[in-house]
Amino acid sequence: MNDLAQIFQLAEHDSRVVAIGTEGSRNDPSVVADAWSDLDVTVFVREALDAEAWSHWVCALGDPVIWQHLLNRDLFGKSSAIWDTYLVRYAGTKRIDWKF
């Protein structure tokens with residue numbers, strides 16, 4: 001099962017999830033993905049996730065080697081909520097940028 005299929009499977013079993021979105025070059029069929037292509041995923045949730053919840057999502061796709069956590073304010077305009085962003089590097093060249 002590929003990473004995106006695993007993400008959809010996780011979403012199906014999490015009642016907080018409203019929708020999943022993907023962004024970036026992996027959405028463009030004319031771009032050939034290489035070993036360094038990352039996956040950009042937005043998980044739209046009903047409520048903010050606590051540390052246990054987001055780490056469940058992040059760790060379900062492998063063991064993170066390192067991650068950076070960013071709090072993004074006004075990402076979609078002044079009225080938008082604070083978005084938690086996790087830039088995650090897994091073993092090898094796999095990288096997923098998560099937004100919750």
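This report walks through a predicted model, from its sheet and helices to one buried residue and the largest pocket.

## The sheet

A good place to start is the open sheet, which has 5 strands in the order β1-β2-β5-β4-β3 and mixed pairing. Its edge strands are β1 (17-23) and β3 (64-72), each of which pairs on one side only. On average, and with direction ignored, neighbouring strands of this sheet are turned by 20° against each other.

In general, strands of a sheet pair through backbone hydrogen bonds, and the pairing is either parallel or antiparallel. Here, β1 and β2 run antiparallel and are joined by 6 bridges. You can find one pairing of residues at Gly21, whose bridge partner in β2 is Thr42.

## Two helices on the sheet

Helix α1 (residues 3-12) packs on the sheet and touches β1, β2 and β5 (95-99). The direction of α1 makes about 165° with that of β1.

Helix α2 (residues 51-59) also packs on the sheet, where it touches β1, β2, β3, β4 and β5. Its direction makes about 135° with that of β3.

## Strand β5 and its neighbours

Now follow β5, which is mostly covered: 4 of its 5 residues are buried. With β2 it runs parallel, and 4 bridges join the two strands. Among the residues facing each other across strands, Leu39 stands opposite Ile96 in β5.

With β4, strand β5 runs antiparallel, and 5 bridges join the pair. Arg89 has Arg95 as its bridge partner in β5. The hairpin of β4 and β5 has 4 residues between the strands, and in this hairpin Gly92 takes a positive phi near 75°.

## A closer look at Asp97

Asp97 lies in strand β5. Is Asp97 buried or exposed? It counts as buried because its relative accessible area is 13%, and the cut-off for buried is under 20%.

Which residues does Asp97 touch, leaving aside its neighbours within four places in sequence? Asp97 is in contact with Asp38, Leu39, Asp40 and Val41, and also with Tyr86, Leu87 and Val88.

## The largest pocket

The largest pocket has a volume of about 180 Å³. The elements that give two or more residues to its lining are β2 (39-45) and β4 (83-90).

If you would like to locate the pocket, look for its lining residues, including Phe44, Val45, Arg46, Trp83, Asp84 and Phe100. By class, the lining has 8 nonpolar and 3 charged residues, with no polar ones.

Key:
Residues are numbered from 1 along each chain as its sequence is written. This is a predicted model: local features need pLDDT of at least 70, side-chain atom pairs count only at pLDDT 80 or more; totals for chains, interfaces and linings use all residues. Side-chain values use heavy atoms; hydrogens and water are left out. On a 1 Å grid over the protein atoms alone, a cavity is a set of points where a 1.4 Å probe fits but cannot get out, and a pocket is an open set with protein on both sides within 12 Å along at least five of seven lines; lining residues have an atom within 4 Å of a point. Grid points are joined across faces, edges and corners, and a volume is the space filled by probe spheres set on the points. Ala, Val, Leu, Ile, Met, Phe, Trp, Tyr, Cys and Pro count as nonpolar, Asp, Glu, Lys and Arg as charged, and the others, Gly among them, as polar. Two strands pair if DSSP finds at least two bridges between them. Axes are lines fitted to C-alpha atoms, for helices over the stretch in contact, and angles run from 0 to 180 degrees between N-to-C directions. Contact means heavy atoms within 4.5 Å. Buried means under 20% relative accessible area, exposed over 50%, partly exposed in between (1.4 Å probe, protein chains only).
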